[in-house]
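Here are my notes on this model, as numbered points. Please read them with the structure open.

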Amino acid sequence: MKLIKRLVLMIQFFTRIPITPNYKAEHEDYGRGLIFAPLVGLIIGEILACAYIILNRVLPAYICVVLVVVIYIIVTGGLHFDGLGDSFDGIFSNRPKEKILEIMRDSRVGTNAVLAIICILLLDISLLLGINKEYIVLILLLMPVAGRIASTVGAGVSKYARNGEGIGKSFIEYCGSKEIIIGLVIYFAIFYLTAGFNGLIISILPPISAFVTIKLLGRKIGGATGDTLGATLEINQTIFLLAVCILQNYAIK
């Protein structure tokens with residue numbers, strides 16, 4: 001029952017999929033529930049892959065890709081793009097730690113936020129267009145999985161950067177090495193079952209890039225927040241797509 005509750009909580013947090021059960025959640029349920037982040041990514045990926053298959057019957061590929069990215073934003077509520085923007089506004093403000101954290105909590109959007117979001121969206125669309133048609137559905141299926149393992153790894157290797165409460169505190173404080181291991185088992189299983197041995201090969205980079213990204217983003221603030229976890233997720237997906245494009249051009253020939 002506890003595992004089902006945590007899975008539902010993760011679906012409710014990571015997506016805008018309407019799920020009626022409203023469980024009474026404790027703080028630890030959010031951090032412990034991150035073991036299911038890759039599974040939620042698979043659910044999102046299934047929606048994107050199905051949308052592409054349907055759209056591709058009536059529209060050119062470049063329009064399909066743009067619409068799929070729009071669908072991704074709708075399904076996730078753009079939550080992690082918000083974290084991406086807030087993180088870049090704060091971290092690249094060249095201010096002291098406390099001022100950076102204050103800027104990250106400001107609801108107003110600055111230049112760095114706009115540039116970061118635009119760059120990630122342009123990269124995602126361009127990289128998806130660069131993937132061979134025979135792989136695109138599979139990559140759309142796996143892309144959100146690669147992104148959401150960043151939440152598990154990022155929270156599990158970090159300490160909370162703020163002194164008070166925040167959206168990321170429950171995730172970071174209650175996600176540790178045990179959650180990382182279980183989350184990685186689920187993550188690697190998804191890649192293997194959907195893409196075989198080649199899937200395992202391309203699955204190696206995202207956990208590593210997630211670790212590196214969360215550490216780089218956390219240098220100035222001494223840890224992680226909900227915003228930097230969201231930023232890491234979106235950056236991780238882009239790195240995954242970039243790696244796929246490189247592999248298909250130089251390794252899978």
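How many salt bridges does a search of the whole structure find? The search finds 6. Keep in mind that this is a predicted model. Three of the salt bridges are taken up below, followed by two helices, two loop residues and a surface patch.

1. **Lys-5 and Asp-29.** Their side chains meet in a salt bridge, at 3.0 Å from N to O. Lys-5 belongs to helix 1 (residues 2-14) and Asp-29 to helix 2 (residues 27-32), so this pair ties together parts that are 24 residues apart in sequence. Are the two partners buried or exposed? Lys-5 is buried, at a relative accessible area of 15%. Asp-29 is buried too, at 2%.

2. **Arg-6 and Glu-28.** Here the closest N and O atoms of the salt bridge are 3.5 Å apart. Arg-6 sits in helix 1 and Glu-28 in helix 2, so the pair ties together parts 22 residues apart in sequence. Arg-6 counts as buried, with 10% relative accessibility. Glu-28 is partly exposed, and its relative accessible area is 32%.

3. **Glu-179 and Arg-32.** This salt bridge has an N to O distance of 3.6 Å. It links distant parts of the chain. Glu-179 is in helix 10, Arg-32 is in helix 2, and their positions lie 147 residues apart in the count. Glu-179 counts as buried at 6% relative accessibility. Arg-32 is partly exposed, at 27%.

4. **A shared network.** Which residues are joined into one network by salt bridges that share partners? They are Lys-5, Arg-6, Glu-28 and Asp-29. The pairs of points 1 and 2 therefore belong to one network.

5. **Helix 11, length.** This helix covers residues 205-217. Does its span fit or miss the expected value? At 1.5 Å a residue, its 13 residues should span 18 Å. The end C-alpha atoms are 18 Å apart, which agrees.

6. **Helix 11, buried face.** The buried residues are Pro-206, Pro-207, Ser-209, Ala-210, Thr-213, Ile-214 and Leu-217. Seen down the helix axis, they fall within an arc of 160 degrees, so they line one face of helix 11. What do they pack against? Their partners are helix 5 (79-91), helix 8 (133-156), helix 10 (177-202) and helix 12 (226-250).

7. **Nonpolar surface patch.** Phe-188, Ile-204, Leu-205, Ile-208, Phe-211, Val-212 and Leu-216 form a nonpolar patch on the surface. Together they have about 590 Å² of accessible area. Which element gives the largest share? It is helix 11, with 5 residues. Leu-205 has its place in this helix. Leu-205 is partly exposed, at a relative accessible area of 33%. The cut-off for patch membership is over 30%, so Leu-205 passes it.

8. **Gly-223.** This glycine is found in the loop between helix 11 and helix 12. It counts as buried, at 14% relative accessibility. Which residues does Gly-223 touch, leaving aside those up to four places away in sequence? The contacts are Lys-159, Ala-161 and Gly-218. Gly-223 and Val-157 are 66 residues apart in sequence, yet their C-alpha atoms are 9.3 Å apart in space.

9. **Asn-94.** Please look at the backbone here. Most residues other than glycine have a negative phi. Asn-94 is not a glycine, but its phi is positive, at about 55 degrees. Asn-94 is found in the loop between helix 5 and helix 6 (97-105). Is it buried or exposed? Asn-94 counts as exposed, because its relative accessibility is 63% and the cut-off is over 50%.

10. **Helix 6.** Ile-100, Leu-101 and Met-104 are buried in this helix. Down the axis of helix 6, these buried residues fall within an arc of 95 degrees, so they line one face. They pack against helix 5 and helix 12. Helix 5 and helix 12 are also among the partners of the buried residues of helix 11.

Conventions. Residues are numbered from 1 along each chain as its sequence is written. This is a predicted model: local features need pLDDT of at least 70, side-chain atom pairs count only at pLDDT 80 or more; totals for chains, interfaces and linings use all residues. Side-chain values use heavy atoms; hydrogens and water are left out. Patches are made of residues with over 30% relative accessible area and no salt bridge: like charges are joined within 9 Å, nonpolar side chains (Val, Leu, Ile, Met, Phe, Trp, Tyr) within 5 Å. Accessible areas come from the Shrake-Rupley method with a 1.4 Å probe; for residues, only the protein chains shown count as cover. A salt bridge is a side-chain nitrogen of Lys or Arg within 4 Å of a carboxyl oxygen of Asp or Glu. Helices (H or I, at least four residues) and strands (E, at least two) are DSSP runs, numbered from the N terminus. Buried means under 20% relative accessible area, exposed over 50%, partly exposed in between (1.4 Å probe, protein chains only). The expected span of a helix is 1.5 Å times one less than its number of residues. The arc is that of the directions from the helix axis to the C-beta atoms. Contact means heavy atoms within 4.5 Å.
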